[in-house]
Amino acid sequence: MITIGGLKLYTYEIDIIYLLMEDDDSDWTVGDIAGSLPYIVDDLWDGIQSLILSGILERTDMTQTFDNIPAIKVTVPSPGRAWLDQHASDIDDAFILLNPDMFDVVEAAEA
């Protein structure tokens, strides 16, 4: 776990918020997120629920059931976007630290 902005985050949660931070679109489905990351939907759903509880994400349609988790819609609300913006540098550093094979030696060392 890595602490960012007072939140203790697991690797897959950091990967989720890094993805959300890098994309201007604030509306996603769980399936969209799963298709963009190398995790199974069940692991991502746990992370997404944690990010919902922390206020970084929120469900956009509370009438959706849990029968089709990949179709559940989430968004980054304004306070969540502000948190991402405020902690962008720490999120970048944590992502590089956890995914060193995606970066050159200098970038990984600087993180």
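1. Let's start with Q64, which is buried in this predicted model. Its relative accessible area comes out at 18%, and since the cut-off for buried is under 20%, Q64 falls on the buried side of that line. The residue sits in the loop between β4 and β5. Leaving out residues up to four places away in sequence, Q64 touches R59, A71, I72 and K73. With K73 there is also a polar contact to look at: the Q64 side chain reaches the backbone nitrogen of K73 at 2.9 Å.

2. P70 is in the loop between β4 and β5 as well, but P70 counts as partly exposed, at 36% relative accessibility. Which residues does P70 touch, once those up to four places away in sequence are set aside? The list is T29, V30, G31 and V41. T29 belongs to β3, which covers 27-29, and V41 belongs to helix α3, which covers residues 41-54. On the C-alpha level, P70 and W45 are 8.6 Å apart, with their positions 25 residues apart along the chain.

3. Now the sheet. Three strands make up an open sheet, ordered β3-β5-β4, with antiparallel pairing. The edges are β3 (27-29) and β4 (58-59), each of which pairs on one side only. Between β3 and β5 (residues 73-75) there are three bridges, and if you want a register check, D27 stands opposite T75 in β5. K73, the partner of the Q64 side chain, is in that β5 stretch of residues 73-75. R59, another residue that Q64 touches, is in edge strand β4 (58-59).

4. For orientation, the chain holds six helices and five strands. Going along the sequence, you meet them as β-β-α-β-α-α-β-β-α-α-α. Buried residues account for 37% of the 111 residues. Of the contacts between residues at least 6 apart in sequence, 54% join residues at least 24 apart. The exposed surface is about 6200 Å², with carbon and sulfur atoms supplying 52% of it.

5. Helix α1 deserves a good look. It runs over residues 11-22, and its 12 residues reach 16 Å from first C-alpha to last, close to the 16 Å expected at 1.5 Å a residue. How many of those 12 residues are buried? Nine are, so α1 is largely enclosed by the rest of the structure. The buried ones are E13, I14, D15, I16, I17, Y18, L19, L20 and M21. Note that E13 and D15 are on that list.

6. Within α1, I16 counts as buried at 0% relative accessibility. Not counting residues up to four places away in sequence, I16 touches I33, L37, L44, G47, I48 and L51. Of these, L44, G47, I48 and L51 fall in helix α3 (residues 41-54). The C-alpha atoms of I16 and I48 are separated by 7.9 Å, although the two residues are 32 apart along the chain.

7. Seen from the other side of that contact, G47 in α3 is buried too, with a relative accessible area of 0%. Beyond its neighbours within four places in sequence, G47 is in contact with Y12, E13 and I16, and α1 spans residues 11-22. G47 also has its C-alpha 8.8 Å from that of L9, at a distance of 38 residues along the chain. L9 is in β2 (7-9).

8. Last, helix α4 (residues 78-86), where the buried residues are G80, W83 and L84. Why do they lie on the same side of α4? They cover an arc of only 100 degrees around the axis, which puts them there together. The general rule is that an α-helix has 3.6 residues a turn, so residues three or four places apart point the same way. On the face turned away from the buried side, α4 carries the exposed residues S78, P79, D85 and Q86. The cover over the buried residues of α4 includes β1 (2-4), β2 (7-9), α1 and α5 (88-98). Helix α1 thus turns up twice in this note: as part of that cover, and as the home of I16.

Note on methods: Residues numbered from 1 in each chain as written. Predicted model: local features only at pLDDT ≥ 70, side-chain atom pairs only at ≥ 80, totals over all residues. Heavy atoms only, no water. Helix = DSSP H or I, 4+ residues; strand = E, 2+ residues; numbered from the N terminus. Buried < 20%, exposed > 50% of the residue type's maximum accessible area, 1.4 Å probe, protein only. Contact = heavy atoms within 4.5 Å. Areas by Shrake-Rupley, 256 points an atom, 1.4 Å probe, with all protein chains shown as cover. Pairing = 2+ DSSP bridges. Expected span 1.5 Å × (residues − 1). Polar contact = N/O pair within 3.5 Å; in protein donor to acceptor, adjacent residues only side chain to side chain. Arc of directions from axis to C-beta.
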